[in-house]
Amino acid sequence: MRWLLLLLLSLAAMAETAPSAAAAPYRGYNYSFWGDVTPAPNAYLPSFQLDGDRLGAGPLQSPEDLFITPAGMIYIADTRNNRIVVLNDEFNLVRVIDKFDHNGKEDALAEPHGVFVKDDSRLFVADTGNARIVELTTEGAFVREIGAPDSDVLRSSLRYVPVKLVVDSANRMYVVSKGVFDGIMQFDSGGKFTGFIGTNKVTFNPIDMFWRRLMTEEQRSKMALNIPEEFNNVDIDAEGFIYTTTAEGFTDEPVKRLNPSGVDVLKRDGYFPPKGDIWITFNGTRIGPSSMIAVAVDRNGIYSILDGKRGRVFTYDRDGKLMYAFGQLGEQLGGFRTPSDLAMLGEKVVVLDKGIGSLVIFEPTRYGRMIRNAVIYTDNGEEEKAVAAWKEAQKLNSNLEIAYLGIGKAELRQGSNREAMDSFFNGMHREYYSRAFERYRKDWMWQNFSFIATALLVIAALLLVGRRLVRHRAGEPGTVGMAWYTIFHPFKGFWDLKYERKGKIWFTLALLVLLSVLFLLKQQLSGFIFNPDVTFEASIIDELKFIVLPFFLWCIANWSLTTLMDGEGKFGEIVVATGYALVPIVLAQPLLIVLSNVMTVQEGSFYYFIESVAYGWFIGLLFVGMMTVHQYTVGKTIVTMLLTLVVIGIFVFLGLLVFSLAQQMLSFGMTIYKEISFRIGE
């Protein structure tokens with residue numbers, strides 16, 4: 001009997017959960033550090049969908065805005081029906097506001113596009129058709145009207161069309177007006193216009209700028225103006241920061257978080273900026289980047305943005321890291337025809353679909369709830385709960401890289417620096433890895449101070465002894481010594497390489513092989529802070545290809561050019577001079593490998609300074625080498641080196657052209673062969 005009861009309970013649980021999972025017309029996914037799409041469980045699934053008839057309010061006609069109060073009251077701007085529909089947290093109709101008494105006269109809304117409720121007592125409506133903001137009580141009684149702004153700073157061509165608004169704790173209103181690219185319009189508590197905040201930056205197209213310079217005044221006047229993208233939606237958090245969205249796709253800032261001064265303070269510390277889909281296509285019907293049309297603020301810095309192009313909801317934490325994505329366009333439950341807005345109802349996500357005039361309610365799955373709770377626990381400093389939630393989410397999705405960051409933060413707060421380093425490494429989080437490594441390094445140095453001091457003394461003594469031994473040695477420098485001598489005495493060194501025949505071809509080739517090996521070791525042995533690719537496989541063939549091939553391209557191009565410009569250098573001399581100029585880069589690589597494993601992000605400027613010095617030294621030596629080998633003046637050397645780069649570009653272009661032609665000829669030959677084989681077979 002007990003086994004039968006357990007079986008029935010299991011079947012009931014399966015019957016309860018299976019339809020929800022099967023009802024999702026989309027698959028969960030996330031993005032890795034490398035921008036790859038990784039499969040993930042669905043974080044949110046559609047629970048149910050309600051149209052106007054089921055709400056008891058009649059059909060909704062192109063509803064544009066949705067607002068949900070902390071108490072769970074739902075306000076819908078039913079635009080084409082010229083009304084505001086009010087529901088409770090159980091989606092039961094409370095009232096419909098379409099008319100109100102205005103100083104003894106009946107007044108009505110006209111195509112309201114925006115709605116906002118403050119303190120559960122005041123209702124603000126962007127009455128778009130009447131070009132005004134109307135303040136009502138939540139029961140629908142008229143309080144006041146804020147009309148079009150009147151200010152000397154406004155341009156005469158500005159047309160006031162309010163579509164969205166929010167109100168802060170000081171009763172200041174922030175209004176998005178359609179067609180206004182100057183920013184968000186700010187009104188004080190008395191309804192007086194005080195200015196714009198948060199203007200978007202103008203995006204320039206280099207090609208358009210080039211053509212503008214060649215055009216006449218009349219032609220330029222007929223071109224489209226370079227103006228900032230206008231805001232299309234707005235929300236406000238409990239701290240008074242304003243979240244805005246912009247439909248512009250090719251930007252890293254489609255969503256912003258503005259402080260009272262209008263400065264964007266949104267954190268973008270994730271793998272990619274909060275801008276929706278990273279992997280996009282330019283084929284099909286939904287091409288190009290995401291187009292953000294709405295933003296909804298959750299708790300503890302969590303916020304979601306709605307992509308109107310593909311109907312997807314992207315949720316980010318306070319630092320701008322993608323937590324999960326869900327939804328898409330479609331006709332099934334959970335799909336949208338034309339989404340227009342979204343809002344949070346507790347942990348639920350409510351999306352307004354103006355295309356079919358309905359509300360789509362999404363509820364978190366176990367996976368989504370674990371991630372959301374983990375982010376909240378982490379933000380609240382509840383390390384033990386956060387780690388437990390992150391690990392539970394990892395069990396459901398082993399590809400969840402954001403979990404390593406949450407676990408690492410908790411370990412860092414607990415002082416487990418070594419464990420935190422491992423977590424940040426697995427999650428590819430360089431900044432936090434650097435913090436953990438800095439603490440770990442400090443502790444290690446204190447624990448091993450005597451060993452470090454002894455090692456430094458031994459190294460200093462060996463350097464002194466080596467210096468004295470070098471002083472006692474006399475005579476001409478050997479092959480290796482000549483390379484060392486040349487980098488410090490380039491004019492004399494390159495002269496001896498050319499006219500005294502002290503340069504060796506075999507040594508140059510050995511330098512190339514050594515440099516290739518060092519670059520391979522650098523890729524594999526450099527610290528994670530300076531080389532996130534350390535986990536990637538590398539090949540000595542690849543290193544030879546990217547070092548040896550450019551080296552000989554330079555030598556061949558330079559020799560081909562200088563033979564036509566009275567250069568005295570032979571091909572072998574050019575090879576030797578170029579090879580010996582590489583010595584500073586060769587010497588710098590072991591030092592850079594060591595430093596990359598002991599330095600933090602904040603100390604990285606010293607690392608990059610050494611690397612820059614090595615490459616600058618190489619360019620200087622190459623310049624002196626070419627000038628000495630060819631017996632050119634300074635000016636002529638500069639010209640020939642620049643022209644050599646041009647010739648290299650020509651060589652590469654011709655090589656690609658020949659390769660492409662050969663590939664097409666091979667394809668043509670294969671097609672003929674298959675056709676002949678087919679005909680013979682008949």
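Two strands count as paired when DSSP finds at least two bridges between them. Keep that in mind as you walk through this predicted model, since two sheets are on the route.

**Before you start: colour by confidence**

Colour the protein chain by pLDDT. The average is 86, and 89% of the residues score at least 70. Now select residues 1–22, where the pLDDT is below 50. Beyond near neighbours in sequence, that stretch has three contacts in the model, so please read its placement with the score in view.

**Stop 1: the sheet that includes β3**

Select residues 44–51, which make up strand β3, and 339–345, which make up β27. These are the edge strands of an open sheet, and each pairs on one side only. Which strands lie between them? Reading across, the order is β3-β29-β28-β27, four strands with antiparallel pairing. On average, neighbouring strands here are turned by 25° against each other, direction ignored.

Next, pick out the middle of this sheet: β28 is residues 348–353 and β29 is residues 358–364. Five bridges hold the pair in the antiparallel sense. Click on V350 and look across to β29, where I361 stands opposite.

**Stop 2: the sheet from β14 to β17**

Move on to residues 162–167 (β14) and 193–197 (β17). Each of these edge strands pairs on one side only. The open sheet they border has four strands, ordered β14-β15-β16-β17, and its pairing is antiparallel. From one strand to the next, the twist averages 25°.

Now select β16, residues 184–187. How many bridges join β16 to β17? There are four, and the two strands run antiparallel. For one example, show I184, whose bridge partner in β17 is I197.

**Stop 3: two helices that pack together**

Select residues 479–488 for helix α11 and 583–596 for helix α16. Their axes are 10 Å apart and the packing angle is about 105°. Angles of 65 to 115 degrees count as roughly perpendicular, which is why α11 is described that way relative to α16.

Which residues meet here? Show the side chains of A483, W484 and I487 in α11, then V583, P584 and L587 in α16. The residues of this contact divide into six nonpolar, no polar and no charged.

**Last stop: helix α17**

Finish with residues 604–630, the 27 residues of helix α17. From the first C-alpha to the last, α17 reaches 39 Å, close to the 39 Å expected at 1.5 Å a residue. Step just past the end of α17 to Q631, which takes a positive phi of about 55°.

Terms used. Residues numbered from 1 in each chain as written. Predicted model: local features only at pLDDT ≥ 70, side-chain atom pairs only at ≥ 80, totals over all residues. Heavy atoms only, no water. Axes fitted to C-alpha atoms, helices over the stretch in contact; angles between N-to-C directions. Parallel < 35°, antiparallel > 145°, perpendicular 65-115°, else oblique. Contact = heavy atoms within 4.5 Å. Nonpolar A, V, L, I, M, F, W, Y, C, P; charged D, E, K, R; others polar. Expected span 1.5 Å × (residues − 1). pLDDT = per-residue confidence, 0-100.
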